[in-house]
Amino acid sequence: MTDFDVVEQATSGVSPVGCYEFIQGDRRWLYTSADEDITLPGVGVFRQELISSGDIQHDSESGTGGIEVYVPRSSPIPELFKSPLPPQPVGLRIYVAHRDTPDDFRAWWPGRITAAAPRDGQTVLTGVSLIQLLQNDVSGMDFGPTCRHPLFGAGCGVVQANFTDQATL
């Protein structure tokens, strides 16, 4: 049994904290619900923020779970959703660690943020689990077989004007 399991099964003195890693392309934002910054080895330093999440919402048909994450409106994450969809997907990994032993942590929820909405002075981010994303047959963006960038997006290199035709109806 690992130290993490021993602490999880303890009946007193347990102090878990959530660590949230938001990823968009090569940019990352690391936040924790702890009252001070926490370092997770191999991941990074998570800054203290007023951030929390609800319970995983399990779907009885697919067995997958979405989640709602609550962040302050001043956070840079809601800014990514000012337009209907961000130009690149925003991934989220939630880790669970303990204040006393942050070296022993677990990845708790992987997925993607699909929406952001203001509510009660904060922003609610809606997340879809990685399992559900892998089960979906609908593509969210157009990609080429040898390129990971969205078609005509930043970093794509294909100029949309070169593939536009003028026509009179």
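**Entry 1: surface and overall make-up.** I began with the accessible surface of this predicted model. The chain exposes about 11000 Å², and I noted that carbon and sulfur atoms supply 51% of that area. I then looked up burial: of the 169 residues of the chain, 34% count as buried.

**Entry 2: secondary structure.** I recorded 3 helices and 10 strands in the chain. Reading along the sequence, I wrote down the pattern α-β-β-β-β-β-β-β-α-β-β-β-α. For the contacts with a separation of 6 or more, I looked up how far apart in sequence the partners lie: residues 24 or more positions apart account for 47% of these contacts.

**Entry 3: strands E2, E3 and E4.** I turned next to strand pairing. Strand E2 covers residues 27-32, and strand E4 covers residues 44-48. I found E2 and E4 paired in the parallel sense, over 2 bridges. Strand E3, residues 38-40, also pairs with E4; here the sense is antiparallel and I noted 3 bridges. Within E4, Val-45 is the bridge partner of Thr-39. E3 and E4 form a hairpin with 3 residues between the strands, and in this hairpin I noted that Gly-42 takes a positive phi near 85°.

**Entry 4: Thr-32.** I chose Thr-32, a residue of strand E2, for a closer look. Is Thr-32 buried or exposed? Its relative accessibility is 0%, so I entered Thr-32 as buried, the cut-off being under 20%. Its bridge partner in E4 is Gln-48. I also looked up where the side chain of Thr-32 points: it reaches the backbone nitrogen of Ala-34 at 3.1 Å. Leaving aside neighbours within four places in sequence, I listed the residues in contact with Thr-32 as follows:

- Val-17, Gly-18 and Cys-19;
- Ile-38;
- Phe-46, Arg-47, Gln-48, Glu-49 and Ile-51.

Gln-48 thus appears in my notes both as a contact of Thr-32 and as its bridge partner.

**Entry 5: Phe-163 and a surface patch.** I then looked up Phe-163, which is placed in the segment after helix H3 (130-135). Is Phe-163 buried or exposed? Its relative accessible area is 60%, and because the cut-off for exposed is over 50%, I entered Phe-163 as exposed. Which residues form the nonpolar patch on the surface with Phe-163? I found Leu-151, Phe-152 and Val-158 beside Phe-163 in this patch. Together, the four residues have about 370 Å² of accessible area.

Definitions and conventions: Residues numbered from 1 in each chain as written. Predicted model: local features only at pLDDT ≥ 70, side-chain atom pairs only at ≥ 80, totals over all residues. Heavy atoms only, no water. Helix = DSSP H or I, 4+ residues; strand = E, 2+ residues; numbered from the N terminus. Buried < 20%, exposed > 50% of the residue type's maximum accessible area, 1.4 Å probe, protein only. Polar contact = N/O pair within 3.5 Å; in protein donor to acceptor, adjacent residues only side chain to side chain. Contact = heavy atoms within 4.5 Å. Patch = residues over 30% accessible without salt bridge, like charges linked within 9 Å, V, L, I, M, F, W, Y side chains within 5 Å. Areas by Shrake-Rupley, 256 points an atom, 1.4 Å probe, with all protein chains shown as cover. Salt bridge = Lys/Arg side-chain N within 4 Å of Asp/Glu carboxyl O. Pairing = 2+ DSSP bridges.
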